[in-house]
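Here are a few notes to read alongside the model. I have kept them short, so you can follow each one with the structure open.

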Amino acid sequence: MSDECWLTVPDGAEFGTDTLPYGVFSQPKRGEAGARRIGVAVADRVLDLAGAAGRLGEEFAAVVDAPVLDPLLAAGPRMWRSVRRRVIEWLHDPGYRPVVLANLISRADVELHRPFTVADFVDFYSSEHHARNVGRMFRPGVESLPPNWRHVPLAYHGRAGTIVPSGTPIERPRGQRGQGEGGSPSFGATRKMDFEAEVGFVVGVGSQRERPVPVADFAEHVFGLCLVNDWSARDIQAWEYRPLGPFLGKSFATSISPWVVPLDALDHAWLPAPGSDVEPLPYLRSAPRWGLDLELTVRLNGYPISQPAYSTMYWTPAQQLAHLTINGAALRRGDLIASGTVSGAEPNQRGCMLELSWDGSDLVLLGDGSQRGYLNDGDEVSISATAPGPAGRRIGLGAVTGRVLPARG
Ligand code: MN
């Protein structure tokens with residue numbers, strides 16, 4: 001096999017030839033013949049995976065001949081590795097070129113869909129910088145980090161049914177808006193529409209109830225990652241969240257990127273998570289604790305406003321998985337386990353408007369001269385990311401995008 005991929009990557013392509021993420025596409029111009037199929041994104045094209053696998057007589061052809069990633073997710077890590085290995089061989093051995101070319105479709109001709117059936121959705125709270133900033137704003141005068149925070153990976157259960165694919169417009173939600181301490185609420189469209197830049201881990205292989213998943217078994221269960229925008233209505237959230245946590249301030253919509261990046265694409269991105277003088281309980285221990293060197297970029301109407309560093313996250317995805325199952329809860333295929341807002345130590349690394357504008361008190365300046373405390377109707381938020389790849393290159397991890405629409409009525 002040649003070291004060189006025979007497919008050239010044009011400038012500006014979202015993915016090169018190293019990420020090879022999986023998604024679900026259709027070709028609307030082809031009518032019924034353009035039904036949903038599993039694709040692999042490469043350069044400026046989408047590879048019809050079942051089309052190529054069928055022509056080449058691959059054993060896995062039936063697993064990927066589906067309108068959704070679910071059967072591939074369920075097939076487990078050995079299958080995940082062999083499919084990826086074969087796709088890499090196809091792209092490097094010129095002997096496969098005619099079949100592969102016949103199954104490559106221009107990105108411009110496809111529509112992308114929600115790639116997998118989302119089972120349960122859990123959102124963690126694993127950035128220490130984010131947790132401290134929120135503490136400073138909402139609980140001034142006391143220690144910013146809650147006393148349990150370094151011992152227990154905190155999270156809330158979200159709403160899987162309102163997870164939408166990138167590009168879906170998001171209507172500004174209405175609800176009970178808090179009016180500060182002690183005041184009674186008003187009702188109406190949120191005045192504090194926000195995004196949260198996050199990374200989501202997609203469970204492929206579920207687990208049995210009452211059989212906790214050890215930290216070391218992370219890669220036996222998790223297929224890959226996508227980018228997540230956990231849209232948030234801060235005035236609704238601030239009024240409702242005590243004492244049981246987020247509810248309607250979050251559940252109206254959560255956007256995910258259309259391309260799921262397999263863990264096998266991230267071999268060069270693992271690095272030890274930040275150290276701590278607090279020893280976690282035994283079920284959360286691993287040495288070192290493996291985090292990921294992912295660099296996120298948040299754009300508002302195309303203007304970069306933040307570069308959150310996932311490498312600064314305190315709790316690792318493997319610890320999150322171990323914690324989620326320690327009480328006997330089972331994992332299911334399609335579970336989405338999100339990191340929580342990714343915020344680094346610097347002001348330009350904060351992963352939401354709440355922190356970037358300090359709850360609207362320090363407006364964010366965009367490249368067109370306009371300013372924001374929170375999101376306006378019509379604003380488009382895009383969260384993209386890169387990671388270290390082979391030979392010192394960085395690989396693209398895709399993007400999740402969504403535009404805010406005015407509240408209805
Ligand atoms: Mn969140």
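**Notes on the metal site and the sheet**

1. Let's begin with the metal, keeping in mind that this is a predicted model. Along the chain, the donors of the manganese ion follow the spacing D-x72-E-x1-E-x31-D. Put names to that pattern and you have Asp123 (OD), Glu196 (OE), Glu198 (OE) and Asp230 (OD) as the protein donors, lying 2.1 to 2.2 Å from the ion.

2. Have a look at where two of these donors sit. Glu196 is in the loop between strand E12 (193-194) and strand E13 (197-203), while Asp230 is in the loop between strand E14 (222-229) and strand E15 (232-233), so the pair ties together parts that are 34 residues apart in sequence.

3. Are these two buried or exposed? With a cut-off of under 20% relative accessible area for buried, Glu196 is buried at 3%. Asp230 is buried as well, with a relative accessibility of 0%.

4. Now turn to the open sheet of 5 strands, which has the order E4-E3-E2-E1-E5 and antiparallel pairing. Its edges are strand E4 (104-106) and strand E5 (111-113); each has a single partner strand, so one side of each is left without a neighbour in the sheet. From one strand to the next, the twist averages 50°.

5. For a closer view of one pairing, take strand E3 (residues 45-48) and E4: they run antiparallel and are joined by 3 bridges. Arg45 has Ser106 in E4 as its bridge partner.

6. Finally, helix H3 (residues 77-92) packs on the sheet, where it touches strand E1 (22-26), strand E2 (37-42) and E3. The direction of H3 makes about 70° with that of E1.

Note on methods: Residues numbered from 1 in each chain as written. Predicted model: local features only at pLDDT ≥ 70, side-chain atom pairs only at ≥ 80, totals over all residues. Heavy atoms only, no water. Donors = N, O, S within 2.8 Å, 3.2 Å for Na, K, Ca; no water. Helix = DSSP H or I, 4+ residues; strand = E, 2+ residues; numbered from the N terminus. Buried < 20%, exposed > 50% of the residue type's maximum accessible area, 1.4 Å probe, protein only. Pairing = 2+ DSSP bridges. Axes fitted to C-alpha atoms, helices over the stretch in contact; angles between N-to-C directions. Contact = heavy atoms within 4.5 Å.
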